[in-house]
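Q: Could you take me through one part of this protein in close detail, namely its disulfide bonding? I'd like to see the chain as a whole before we zoom in.

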Amino acid sequence: MVTPKNARIQTAKSLIAILLLGFLQLIQIPNSQAVATLNYSPSNAGTWTVPTGVTSITVTAYGGGGGSGAIDGLGNIARSPGARGYVVATFSVSAGQVIGIYPGRKGTSGTTSTGGGGGAGGTDTDPNGNYNGGTGGNAGTSGSSGGGGGGGAASTIYIDATLAVVAGGSGGGGGAANVSGSGTDGSNTTSEITNQTNGGNGTQTTSSCSSRSDGGGGGGGGGGRWGSIGGDVYGVAGGECAGYGGSRGNNYILNTATSTTNSTNSSSTLDGSIQITYSVSQSITFSALSGKTKTTGMDTFTVSATSSDRKSTRLN
């Protein structure tokens, strides 16, 4: 039997439950920072819009690798490309800003040839400018010697329309002559071409170096904030020429960046790459309806509620 006293108690409990549900609906619990990583290669180059809640990004960029110099028809060692540019930088950003992400492609290796064989320079993916690697120099028109490797294209990053990062491409390896140890690897240092972002082409062996126009070609230069020169050729024993490796393209970091690294990576024949990491600190608002889920950032919660209890369970 429900007495007037019991009815009043039940009514009071119901009112308290309603008030608690309304109060709990407004509770927000700070969420731990969720870290997101975006990876880009030349095949998915493009733009990314900064989402709400993101205030800074850290970018890691590698320039495009170069091609190896080819051997002479009678053997010798293929010369490796040089180091590629490597940049890490953190920038302050705001929601809605557009980040342009353009990894550079690798140069191709030279081939053993008569009068040809220079590797192709890596091409950029940047729609705003030319950051291509230089082509490798051809072998001489007599004999059978090594073409120079192509230089790598630079990788570039923009914040809205402003160039923020350039990671230079590597220089291609020099082509070999029919002399043991001839040709040189791509240079790990820069040798900039004033006001040119493309890498320079490697030199072809001609009669100016070899009376028979026999020998390997120079490696292509890497693209960069300023591109670097391609390799020249030099005389070796037996009246032949061999190629010097090309030089690495110059790196660049916009002066608004913090926590920067401006360096080189080891010799590489890989395409350039870009990684972006960022974190978002969000809060989780519980739903007032029993059995509903609430997803915020990387955390999903299920809320169950009755007139007498309320609890949340973290699912991931």
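A: Happy to! The protein chain exposes about 14100 Å², and carbon and sulfur atoms supply 51% of that area. Please keep in mind that this is a predicted model. Of the 316 residues in the chain, 48% count as buried. The secondary structure consists of one helix and 19 strands. When contacts between residues at least 6 apart in sequence are taken, 76% of them join residues at least 24 apart.

Now for the close look. The count of disulfides comes to one. Its partners are Cys209 and Cys241, with an S to S distance of 1.8 Å. This pair links distant parts of the chain, 32 residues apart: Cys209 sits in the loop between β10 (162-167) and β11 (233-235), while Cys241 belongs to strand β12 (residues 241-243). As for handedness, the torsion about the S-S bond of Cys209 and Cys241 is about -125°, so the disulfide is left-handed.

What about the surroundings of each cysteine? Cys241 has 0% relative accessibility and therefore counts as buried, the cut-off for that class being under 20%. Cys209, at 25% relative accessibility, counts as partly exposed.

To place this in the wider fold, let's turn to the sheets. β10, the strand before the loop that holds Cys209, is part of an open sheet of five strands in the order β3-β6-β9-β10-β13, with antiparallel pairing. The edges of that sheet are β3 (46-49) and β13 (252-253), each of which pairs on one side only. At the β3 edge, the neighbour is strand β6 (residues 98-102), and the two pair in the antiparallel sense over four bridges. One bridge there partners Thr49 with Val98 in β6.

Strand pairing also involves β5 (residues 83-92), which is mostly covered, with eight of its 10 residues buried. Strand β4 (residues 56-62) pairs with β5 in the antiparallel sense over seven bridges, and among the bridge partners are Val59 and Ala89, the latter in β5. Strand β14 (residues 258-267) also pairs with β5 in the antiparallel sense, over six bridges. Here Val88 has Thr261 of β14 as its bridge partner.

Back to the disulfide, then: Cys209 and Cys241 are joined, with Cys209 in a loop and Cys241 in strand β12. The loop cysteine, Cys209, is partly exposed, whereas Cys241 is buried.

Technical notes. Residues are numbered from 1 along each chain as its sequence is written. This is a predicted model: local features need pLDDT of at least 70, side-chain atom pairs count only at pLDDT 80 or more; totals for chains, interfaces and linings use all residues. Side-chain values use heavy atoms; hydrogens and water are left out. Buried means under 20% relative accessible area, exposed over 50%, partly exposed in between (1.4 Å probe, protein chains only). Contact means heavy atoms within 4.5 Å. Accessible areas come from the Shrake-Rupley method with a 1.4 Å probe; for residues, only the protein chains shown count as cover. Two strands pair if DSSP finds at least two bridges between them. A disulfide is a pair of cysteine sulfur atoms within 2.5 Å.
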